[in-house]
Structures are given as C-alpha cells and as structure tokens.
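Trainee: I'm new to this one and would like a close look at a single part. Could you pick a residue and walk me through its surroundings?

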Amino acid sequence: YAYSHSHTCPTAFKTDAPPHALWDIMRAWVKLHPVKTPKEGSPAAALLAKENTLIPDPDFTVRPELKKDSFAPKPPPKYVPNPQPEWGPMQRA
C-alpha cells in the first residue's frame with residue numbers, strides 16, 4: 001500500500017490501504033506498545049479482540065532514508081515576508 005503525508009496537517013497521512021488493513025496495523029502496534037485494557041463490551045475491546053487478517057505481522061522498523069528532519073513540522077514565521085518589494089501601505093505624501 002502507498003502512503004504520503006498530508007499538506008494540511010504535519011502529523012496526518014494519506015493512504016490507499018483499506019480500513020481493515022489499517023486496523024490490522026493498529027492492533028499490531030497495540031501488541032507491541034500495550035495500552036490500558038478497554039472495558040468489556042466497548043467498541044475498543046471489540047476491535048482489539050479481532051485477529052489480524054490482511055497484515056498478520058507488520059514491520060515497524062524505520063528505514064534510514066526516512067530518518068530525516070524534513071518531516072518534522074516547522075513553526076510558522078513570526079512575521080510573514082512581503083510578497084513583492086514596495087508592497088503594503090505607503091506613507092502619505
């Protein structure tokens with residue numbers, strides 16, 4: 001499946017994977033990084049109780065070429081630069 005980052009939110013991503021594949025990945029992540037056990041009968045308990053079908057054992061290792069600071073969100077500039085020289089309000093004559 002392919003994925004890419006979203007232009008609207010630095011922590012969001014876009015993918016063409018079906019929802020079942022995303023839930024398989026989330027269940028595998030929870031097995032590696034346990035969370036508080038959800039209450040019995042809750043939607044979270046039902047989702048985590050299912051077995052992975054599409055992706056039984058996903059690989060969470062980060063490839064070296066993806067370990068760049070370019071994916072880190074950059075803070076917005078304090079003052080937006082002028083789009084052109086001599087742009088903006090002028091002094092009165």
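Mentor: Let's take asparagine 52 and what lies around it. First, this is a predicted model, where local features need pLDDT of at least 70 and side-chain atom pairs count only at pLDDT 80 or more, while totals for chains, interfaces and linings use all residues. Residues are numbered from 1 along each chain as its sequence is written, and side-chain values use heavy atoms, leaving out hydrogens and water.

Going from the N terminus, the protein chain runs β-β-α-α; helices (H or I, at least four residues) and strands (E, at least two) are DSSP runs, numbered from the N terminus. Asparagine 52 sits in the segment after helix 2 (43–49). Asparagine 52 counts as buried because its relative accessible area is 14%; buried means under 20%, exposed over 50%, and partly exposed in between, with a 1.4 Å probe and protein chains only. Buried residues make up 12% of the 93 residues in the protein chain.

So who does it touch? Leaving aside residues up to four places away in sequence, asparagine 52 touches Asp24, Arg27 and Ala28, a contact being heavy atoms within 4.5 Å. With arginine 27, the side chain of asparagine 52 makes a polar contact of 3.1 Å. That term covers a pair of N or O atoms within 3.5 Å; within protein, one must be able to donate a hydrogen and the other to accept it, and residues adjacent in sequence count only if both atoms are side-chain atoms. As for aspartate 24, its backbone oxygen lies 3.3 Å from a polar atom of the asparagine 52 side chain.
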